[in-house]
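Here are a few exercises to work through at your own pace. Keep the structure open beside you as you go.

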Amino acid sequence: MKYWPTLMTMLPGDELTQAAGGGQPEAAQPAAESIRPLPDDAMILVPLRNAVLFPGVLSPITVGRAASVAAAQEAVRNDLRVGFLLQRDAEKSEVEPSDLYWVGTAGPIVRYITGQEGGHHLVVKGESRFRVLEFLEGWPFLVARVDMVEAATEEGPEIEARFLQLKEQAIEAIGLLPNVPDELVGVVRGIDSPALLADMVANLLDAKNEEKQDVLETFDLVRRLDKVIALLGARVEVLRISREIGEKTRAQFDERQREHVLREQLRQIQKELGEGDETAAEVEELRQAIEAAGMPEDVLKHAEKELKRLSRMGESSGEYSMLRTYLEWLTELPWKHEPQPPIDIAEARRVLDEDHFGLDKIKRRILEYLAVRKLNPEGKSPILCFSGPPGVGKTSLGQSIARATGRAFQRVALGGVHDEAEIRGHRRTYIGALPGNIIQAMRRAGTTNTVMMLDEIDKLGAGGFHGDPASALLEVLDPEQNSKFRDNYLAVDFDLSRVMFICTANVLDTIPGPLRDRMEIIQLPGYTEEEKIEIAKRYLVKRQLDANGLKPEQASLTEAALRTVVRDYTREAGVRNLERELGAVLRHVAMRIAEGQAQQVAVDAADVATILGPRRFENETALRTSVPGVATGLAWTPVGGDILFIEASRVPGSGKLILTGQLGDVMKESAQAALTLAKTWTGDALDKVDIHVHVPAGATPKDGPSAGVAMFLALVSLLTGKPVRSDVAMTGEVSLRGLVLPIGGVKEKTLAALRAGIHTVMIPRRNEKDLEDVPPEAREKLEFVLLDRVEDAVRCAIGDVAPTGERAAA
């Protein structure tokens, strides 16, 4: 709030100067000019640069612009009221109507004074609010048609309560200001008009002009009182805090003087300050915690040294709380090497089988780790990384490992982490410093026998000026280094060698090479249809029954219903969407039971479409490949395998190759190689036609060499006029010699073909060894054709089509 010397506050005018002081200059006599009279509903306007005039306020202003001087002289000459409007931009000298607020205060010029230096000083009295309707032209100053706003005269309990609250706040604010005349409190107490008090307080407030203008434009008295109360309350709080800070500063200065003079009586002084007993108790409590923490010798010496520093500090010292927090962190970490719980391999196998269906290879690797750990408890722990699409059970596998080994489980989310300090912590010199996420997880676990899951390690942020978090993880995940992990906050070594680290990732390409080299990658490619149905029976249905408040005897789903949901409403590598769809089915059942329509509901395959709507996924392979020029390829994506349609067409042209479908550079080169190979196969130069190759789902970027066989077959089918078999899908890279080269992701692509209703899958012969990873039920349902050359692919997918070009001559 401003200084409150008088109710007549100085308001800066359009030149931001105050009225001349000293003496009583004589009133100026404005020069007479021939100015046409104003309409009855018009008013002379004077813009104010940096002030708002309120009704009921008597204020001096200074005018300097020619238009403002002319306006003031005309008003004095004809005894007219003047309207005062606030400028939106105080720096503007020439103002237009758009530069002004259109609500202001009107009032007479009580006195017009010409200073000795040629200044024009006015004393004006605000009387009433007005609203500008239209600006008029033809006068040497601003003139506008206005609508006068009647003063608020409402009464009632709401206004009376706000009026009393505002008066109390104003009196409190006066008491918090220094050097305020005593009579000012009496003036405030004597005001009996709520509208006048609101305007007077708003005028005296040290607030922004925009806030004051908002009060001026608030015609409703209740809302105006609320706004002024809010503004004044904020200023009172600032004044109160300022006074408290001043009192504390003076008290601290006095304390330092006393301590300096009476240092020999330190105990008595600390007793006066109320610090001695409490500080000593805290130091003793920390000393006992340090002794009981079981720290290594070097860490113990460091902690005792810091504790000695803390005991010599006063509680008012800025470093006291920071050092106390640091010592608390040291004492709460699990320094002791507790004996590891006994490992029961049979029990661990039972837990893994109970929590997860399938995943035999992963379970076998986990049991191998436990067996080695049982025989060599002091050995280095390997770093396992579960890689696979979302929803295949990577995170839950970590929880099962912790349960099977009797260890604590902690999860650290790494997705989006871009600051090295989130791994290694901040240095204690920073305000609010904390250890990194690794040490924080160890504190929460309370033991070194912990399974720590580093989730989404492939989504670490890129290194920048904050440092590289991936590089910081190198020390954490290296069994040769993590026994002496050093967090920046702790500044001492901490042993992580007994922690079992498990990482998860959707893709491996985004993990830096040195970090990937420290991990043992275990692939979780996805589930077959039969596996999904079994998982739904064992886990998902039960979980959704509990989530929807149903009992097993109230709701059930037949195997046919589960198969329908898996086949027609989900197409994914994991089971996350499957669980959502099962939840939707059971919510429908819960609603029927809650409404009393049924006591027990069994959902069959025929009921699924009624609940979930039309099926979302269809087997469109036959339709898409019923015409020449279309082949079904197999692709690998971060969320599992998928089928990929390659469409080829030709139009009259000049022999160009047109590629669409947002293909990457590698895929474009595969298309070019496939076209060249197709030309040599058919003997057609194609110099008078353009070949257009399109891969649908154009909004999705695609890249990689494994679509070479599919592109070649689509082109051969187009050029020979014979369609590719609808039940055949293929993958493999081709060379210009007609060789079929190996690719990756065989298991994911095979499962995608099975989900899409494919019967025959063609893969390179050199990928035959990868079929061991394909689930047995998938191998039984699919026929695999091993390709050495493109001729094998043509023979299987199209039929006996003899080459007619250079390939035939060869």
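Before starting, one cut-off: angles under 35 degrees count as roughly parallel, over 145 as roughly antiparallel, 65 to 115 as roughly perpendicular and the rest as oblique. Bear in mind, too, that this is a predicted model.

**Exercise 1.** Work out how helix 19 and helix 21 are oriented to each other, and find the residues that make their contact.

*Solution.* Start with the axes: those of helix 19 (residues 559-569) and helix 21 (residues 605-612) come within 8 Å and cross at roughly 50°. Helix 19 and helix 21 are therefore oblique to each other. Next comes the hand, and this crossing is right-handed. On the helix 19 side, the contact uses A560, A561, T564, V565 and Y569, while helix 21 brings A605, V608, A609 and L612. Sort the residues of this contact by class and you get eight nonpolar, one polar and no charged.

**Exercise 2.** Do the same for helix 2 and helix 3: what is their orientation to each other?

*Solution.* The axes of helix 2 (residues 157-176) and helix 3 (residues 183-190) come within 10 Å, crossing at roughly 175°. That makes helix 2 and helix 3 roughly antiparallel to each other. Now look at who touches whom: K167, A170, I171 and I174 come from helix 2, and L184, V185, V188 and R189 from helix 3. By class, that's six nonpolar, no polar and two charged residues.

**Exercise 3.** In the open sheet of five strands, find which strands stand at the edges.

*Solution.* Write down the strand order first: 10-11-14-9-15, with parallel pairing. Strand 10 (408-413) and strand 15 (520-523) each have a single partner strand, so one side of each is left without a neighbour in the sheet. On average, neighbouring strands here are turned by 25° against each other, direction ignored. Now zoom in on strand 10: six bridges join it to strand 11 (residues 450-455), and the two run parallel. One bridge to look for is Q410 with M452 of strand 11. Finally, find helix 12 (residues 360-375), which lies across strand 9 (384-387), strand 14 (500-505) and strand 15, at about 145° to strand 15.

**Exercise 4.** Trace the closed barrel and find what packs on strand 1 and strand 3.

*Solution.* The barrel has five strands, running 1-3-4-7-8 with mixed pairing. Its neighbouring strands are turned by 50° against each other on average, direction ignored. Helix 1 (residues 66-78) packs on this sheet, touching strand 1 (42-48) and strand 3 (82-86), and its direction makes about 140° with that of strand 1.

Terms used:
Residues are numbered from 1 along each chain as its sequence is written. This is a predicted model: local features need pLDDT of at least 70, side-chain atom pairs count only at pLDDT 80 or more; totals for chains, interfaces and linings use all residues. Side-chain values use heavy atoms; hydrogens and water are left out. Two strands pair if DSSP finds at least two bridges between them. Helices (H or I, at least four residues) and strands (E, at least two) are DSSP runs, numbered from the N terminus. Axes are lines fitted to C-alpha atoms, for helices over the stretch in contact, and angles run from 0 to 180 degrees between N-to-C directions. Contact means heavy atoms within 4.5 Å. Ala, Val, Leu, Ile, Met, Phe, Trp, Tyr, Cys and Pro count as nonpolar, Asp, Glu, Lys and Arg as charged, and the others, Gly among them, as polar. A crossing is left-handed if the near helix is turned anticlockwise from the far one by less than a right angle, and right-handed if clockwise.
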